[in-house]
Amino acid sequence: MAKRTFSSLEIFLIFLLLLMTAITVALLTLLFTTSGISENNKDSSTIQDTSTTQGPLSTQQPPVTHGPSKTTTQGPPVFQNFSGYHIGVGRADCTGQVADIPLMGYAKAGQTARGILTRLYSRAFILAEPDASKRVVFVSIDIGMVSQRVRLEVLRRLQNQYGDLYTQENVVLSGTHTHSGPAGYFQYTIFVLSSEGFSRRTFEFIVDGIVKSIDMAHRNLKPGRIFVNKGNVEGAQINRSPYSYLQNPLSERNRYSANTDKEMLVLKMVDLNGEDLGLISWFAVHPVSMNNTNHLVNSDNVGYVSYMFEQEKNKGELPGQGPFVAAFASSNLGDVSPNILGPHCINTGESCDNFNSFCPIGGSDMCMAAGPGKDMFDSTRIIGDTIYQKAKELYDIASQEILGPLSAAHQWVNMTDVTVQLNSTHTAKTCKPALGHSFAAGTIDGVGGLNFTQGATEGDPFWDSIRDQLLGEPSNETKDCHKPKPILLSTGEMSRPHPWHPEIVDVQIITLGSLVIAAVPGEPTTMSGRRLREAIQKEFETSGRQNMTVVIAGLCNVYTHYIATYEEYQVQRYEAASTIYGPHTLSAYIQLFRGLARAIATDTVANLSRGPEPPFFSQLMLPLTSNQVDRTPENTTFGDVLHPAKPEYQRGEVAEVMFVGANPKNSAENLTDHTFLTVEKYENTSAMWQIVHNDASWDTRFYWHKGSSGQSNVTIEWHIAGTTPLGLYRIRYFGHNRKQNFLQPAVFLPFQGASAPFWVTT
């Protein structure tokens with residue numbers, strides 16, 4: 001390739017970028033702590049409680065709670081002889097900060113949280129053998145992915161609370177992969193930067209929620225039975241990289257009827273009387289029905305399924321309450337999209353379903369896939385309902401009981417240095433982490449925005465030269481190892497202020513009788529998941545365990561981006577460019593998981609090497625967004641109504657109220673459960689207001705509008721369903737305002753606001 005010369009404009013832009021980078025680095029250096037982790041004088045901040053009163057037709061009611069506010073350890077239940085397992089389920093809020101923090105998933109600049117659509121939950125399931133000799137824990141969490149820092153802290157707290165009962169061996173943490181949860185809970189630099197710093201608030205909420213849910217499941221253990229069922233879900237997914245999928249051998253592709261895994265697996269859990277306890281389901285679909293224009297924290301399509309199932313089973317309870325727990329966990333979703341109308345050029349409407357996802361006008365940035373609804377909220381509901389209907393059908397008729405011993409096997413592995421035995425004569429190695437140019441292109445679910453293109457197998461001199469000057473050129477060894485990936489970021493060779501990507505990762509398997517759950521630390525593509533499942537199953541068969549069913553649990557324990565097949569890797573679309581350990585990543589995982597399967601099947605788990613323990617960094621970059629004292633407009637107070645509700649609404653309409661607000665992140669300063677809103681109905685028989693919705697309800701939306709000089713407004717919407725009982729209603733708002741006098745620690749003062757009553761009529 002001829003050496004590129006730069007125009008005057010390009011030289012000026014490079015100079016400007018270098019100058020901005022130098023300034024940014026200087027500012028970031030000032031933001032790093034020298035010991036431990038602090039966040040804006042948090043240690044000196046307090047939550048101060050004050051009482052408020054309401055006008056006519058009111059009763060004092062506390063904010064809605066979503067679970068116990070204090071975790072306690074109780075002794076283990078009394079175990080008895082019976083056929084089945086002891087089953088414990090638990091659910092706890094892990095929402096965290098819903099304002100002034102980026103949303104985790106799309107890595108789109110400016111996509112920060114500005115309110116809440118639904119709360120985020122950790123859903124825990126503990127299974128124990130009748131004699132308590134063995135137990136396993138599976139936790140599905142409404143977050144983008146489980147970070148290594150979160151897992152290590154959860155394990156530390158479980159160790160302090162339960163000793164060796166729950167450890168890295170038998171605890172699986174899996175993220176649902178919603179792209180609408182708060183960021184900021186990571187320790188590796190690339191994720192810290194995309195999160196705009198480490199958020200102690202969000203980290204603590206996630207860790208606390210996970211531990212609470214496990215504690216609740218531990219306390220709820222009771223004898224029960226587990227049934228399994230499987231079936232295909234139609235109309236909920238497409239393959240977003242079909243041209244990558246076509247690189248896999250024809251003979252392999254011919255064994256499958258589709259280029260996505262349509263099969264859903266459902267575990268039904270009941271007590272010995274047949275009473276429902278909970279459900280875990282695995283189905284491959286990206287939770288990206290809510291696109292990268294969204295600013296409301298929510299659990300996306302799979303969260304909607306959990307919401308629907310739990311509302312059905314916990315009748316009369318508010319969302320987040322009730323004993324039944326339903327988790328819809330992630331699987332091999334790497335190349336699977338819920339935006340089933342496929343990719344189109346958003347400026348011209350024509351299809352861009354081509355190898356590079358490229359539009360004639362506007363390039364890759366214009367190529368986006370669309371969901372089936374009139375907007376992203378509607379698409380989330382439609383895809384979620386499609387999955388829910390099938391899950392409900394499978395749950396209701398599940399009759400195949402799971403019986404047999406529980407097992408668990410776990411290793412920590414240095415994924416940058418795995419020797420893979422390709423065949424009897426050839427080996428290969430994994431690589432130090434690196435991201436390719438097509439990583440920056442994004443996907444048809446969320447484009448990158450810098451005019452990178454999927455399918456790039458050559459670098460771009462312009463971006464490569466900027467990278468070389470700012471971050472250093474990748475070594476020849478790393479370039480050769482990752483071929484044909486053109487490296488954009490050689491993250492495995494970047495260690496300041498901390499390593500940019502993990503080297504030490506978890507590989508883990510837990511088994512329930514004939515069911516194998518492979519906890520994979522990333523996003524396998526469709527064919528990667530199929531190969532991994534098949535290899536694990538064959539290993540069990542070879543070792544004498546027949547008829548094992550293998551399910552892939554995705555995004556477990558630590559995040560390592562994507563896992564593409566070797567053939568998919570050659571064409572370097574987004575998923576392959578994001579396969580950070582090189583072209584033999586999948587082969588390495590297959591080899592490692594086969595080793596775990598063999599150890600379980602031959603009862604030699606005790607002989608497995610523990611592996612090198614991952615690091616836990618104590619000095620992380622603080623959030624770039626500063627805290628600010630909240631203020632109100634003249635002659636108003638927090639919670640005052642600025643725009644009232646109408647006196648009357650019909651079913652199907654939207655009731656809307658605007659209040660004088662405060663920054664919602666203030667309410668995340670402590671770990672007590674909280675709701676930002678309630679919709680309440682006046683009951684004539686009791687002369688009391690009854691809460692019918694909270695901020696975890698799908699029918700409510702809470703928008704925060706940030707103004708200047710510490711002022712802000714809040715808009716609460718209630719989308720009135722067609723089945724809503726007629727009557728008198730009101731909307732209430734709960735918040736905390738930050739107050740700080742000169743040279744004094746900040747305090748956070750609770751306040752409330754309420755709309756005037758209004759009627760829902762026919």
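How many of the eight residues of strand S36 (residues 712–719) are buried? In this predicted model, the count is six of the eight, so strand S36 is largely enclosed by the rest of the structure. Its strand partners help to fill in the picture. Strand S32 (residues 654–661) pairs with S36 in the antiparallel sense, over eight bridges, and within this pairing Val654 stands opposite His719 of S36. Strand S35 (residues 700–706) is likewise antiparallel to S36, with seven bridges between them; here Thr700 faces Trp718 of S36 as its opposite residue. S35 and S36 also make up a hairpin, with five residues between the two strands. In the turn of that hairpin, Ser709 has a positive phi of about 60 degrees.

A second region to look at is an open sheet of four strands, arranged in the order S18-S25-S26-S28 with mixed pairing. Its edges are strand S18 (406–414) and strand S28 (549–553), each of which pairs on one side only. On average, neighbouring strands of the sheet are turned by 15 degrees against each other, direction ignored. Strand S26 (residues 515–519) runs parallel to S28, and five bridges join the pair; Val516 has Val550 in S28 as its bridge partner. Helix H11 (residues 526–542) packs on this sheet, where it touches strand S25 (504–512), S26 and S28. The direction of H11 makes about 140 degrees with that of S28. Another helix, H14 (residues 585–601), lies across S18, S25 and S26 and runs at about 40 degrees to S25.

Turning to annotated positions, the unreviewed UniProt entry lists Ser337 under "active site". Ser337 is located in strand S14 (residues 336–337). Is this residue buried or exposed? With a relative accessible area of 0%, Ser337 falls under the 20% cut-off and is therefore buried. Apart from neighbours within four places in sequence, Ser337 is in contact with Ala236, Gln237, Ile238, Arg240, Val285 and Asp445.

The structure also holds three disulfides. Counting bonded cysteines along the chain, they follow the pattern 1-3, 2-4, 5-6. In the disulfide formed by Cys345 and Cys359, the sulfur atoms are 2.2 Å apart, and the link is left-handed, with -110 degrees about the S-S bond. Cys345 belongs to strand S15 (residues 342–345), while Cys359 sits in the loop between S15 and strand S16 (367–370), 14 residues apart. Both Cys345 and Cys359 are buried.

Cys352 and Cys367 form a disulfide with a sulfur separation of 2.1 Å. The torsion about its S-S bond is about 90 degrees, so the link between Cys352 and Cys367 is right-handed. Because Cys352 lies in the loop between S15 and S16 and Cys367 in strand S16, the pair ties together parts that are 15 residues apart in sequence. Cys352 is buried at 0% relative accessibility, and Cys367 is buried at 1%.

In the disulfide of Cys431 and Cys481, the sulfur atoms are 2.0 Å apart; the torsion about the S-S bond is about -90 degrees, so this disulfide is left-handed. Cys431 lies in the loop between strand S20 (427–429) and strand S21 (435–436) and Cys481 in helix H10 (residues 476–482), so the pair ties together parts 50 residues apart in sequence. Cys431, at 1% relative accessibility, is buried, whereas Cys481, at 25%, counts as partly exposed.

Conventions:
Residues numbered from 1 in each chain as written. Predicted model: local features only at pLDDT ≥ 70, side-chain atom pairs only at ≥ 80, totals over all residues. Heavy atoms only, no water. Buried < 20%, exposed > 50% of the residue type's maximum accessible area, 1.4 Å probe, protein only. Pairing = 2+ DSSP bridges. Axes fitted to C-alpha atoms, helices over the stretch in contact; angles between N-to-C directions. Contact = heavy atoms within 4.5 Å. UniProt positions renumbered as here; feature names shortened; annotations may be inferred. Disulfide = S-S within 2.5 Å.
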